[in-house]
Amino acid sequence: MNMERKAKPMGPVPQGYAADATGMLLIGGERADALVERAGDTPLFVYDTALISARIADLRAALPDTVDIHYAIKANSHPTLLRFMAGQVGGFDIASGGELALAQASGMAADAISFAGPGKRDDELTAAIRAGVTLNLESERECARAIDIADAMGVRARLAVRVNPDFDLKGSGMRMGGGAKAFGVDAVRVPALIRQIIDAGAVWQGLHIFAGSQALDAASIAETQASTLALADQIADAVGTAPPLVNIGGGLGVPYFPGDAPVDIAHVGSELARSLSQSALAQNGATHFAMELGRYLVAEAGVYLTRIVDVKQSHGEDFAIVDGGLHHQLAASGNFGTVIRRNYPICIANHFDAPATHIVHVAGCLCTPLDKLGDAVLLPEASVGDLVAIFMAGAYGASASPAAFLGHPAARELILQA
Ligand SMILES: Cc1ncc(COP(=O)(O)O)c(C=O)c1O
């Protein structure tokens, strides 16, 4: 049934994907159906490390040489992917004791791992201090607890302060600074806390200033980075000591939805170079700088493949029911941090370049109306057995979905490495 007038748009298919002569989607140069066969079945996440390397190389080329790239492993913490990422970036940011164990197993050096996140338990603080990982402190009380734990162990904790800045990242999908927040210590109280850290004999590692996430507008990102560097200068002035590291946050977004355009990283890089030229800390040379990025590094390198198990009609509308769903790919269903549900880029993998002629709802296999992976999307005609591919699945897919809900099996995951 063709009802083109009611089709809802979808986000742009990311670069790096094409079809072979039979119309089958290729991921990392391999046919999607062959990848499913290799993995054993659908549903399946495939991550192409070549796309990640290329992404990181482009970013490094755009950023000033003095700014390192750290990976926030919450975006995708698959152990094999983390081992790969450990060789690609200068550090990992973790957010729990579980992620600490994953980061340690990846081969990333302990002194290049930092642990942010509110509500760290004593056992998590203990494990992090024992491992020699930097704690990005979220409060004065957390600082006191960390120092007590380290004293009891007879070691010096490596402590940085997460700053709650007075500004946020404009246009970001998730604002992490500006006003009352559960994250970090209000900027005005940070110098006093740093003095306490130094006086207690702990190792002061620097500042963590993370103002927001999923921003696509380069000018807003640049403006926030300029404010971040100015704030770091102010804090260092008040303390009288240069921080060893200023983690300036990240926030680079990716185009998930119709109308989204990629971040202009050349602009971000040139503006950051300009801001660094005005930063006393950068000019002084004693401070390292890093950006902390999750989705920007990995989102576009992942594809979620799921198979159509039923096609049906209801009130004249077509439904393709797949064997995957929001229990693996919550974000694509619109239930992970988005206000209005919009369509991720989606295709029939075995008809990747066929003309899109049919409007279909792609529903997951969970018995909830929330489980919609494609809402009235325009696709080639869908049949039972076809493979549906949902793009932008490399970040916040398997690591951010309620896998236990309704008792379906976990998705398989395949990491393609050269
Ligand atoms: C402290 C911190 N670091 C990193 C990230 C990763 O953000 P993104 O995946 O958008 O780069 C987040 C996301 O919320 C965060 O809170």
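**Close-up views of the cavities and the domain interface**

**View 1. Enclosed space in the predicted model.** The structure holds 2 cavities of 30 Å³ or more. A cavity is a set of points, on a 1 Å grid over the protein atoms alone, where a 1.4 Å probe fits but cannot get out. The largest has a volume of about 70 Å³, taken as the space filled by probe spheres set on the points. Among the residues lining the largest cavity (an atom within 4 Å of a point) are Leu-169, Ile-209, Ile-221, Gln-225 and Ile-248. This is a predicted model, in which local features need pLDDT of at least 70 and side-chain atom pairs pLDDT 80 or more, whereas totals for chains, interfaces and linings use all residues. Residues are numbered from 1 along each chain as its sequence is written, and side-chain values use heavy atoms, without hydrogens and water.

**View 2. The two domains.** Domain 1 spans 4-48 + 300-416 and domain 2 spans 77-293, with bounds from an automatic or database domain assignment. Their C-alpha centres lie 34 Å apart.

**View 3. The interface between domain 1 and domain 2.** Contact (heavy atoms within 4.5 Å) involves 15 residues of domain 1 and 10 residues of domain 2. About 1,200 Å² is buried between the domains, 71% of it from carbon and sulfur atoms; buried area is the accessible area (1.4 Å probe) lost by two parts on being put together, summed over both. In domain 1, Arg-342, Met-392 and Ile-415 lose the most area to domain 2, together 35% of what that side buries.

Note on methods
1 Å grid on protein atoms, 1.4 Å probe; cavity = no way out; pocket = protein on both sides within 12 Å on 5 of 7 lines; lining within 4 Å.
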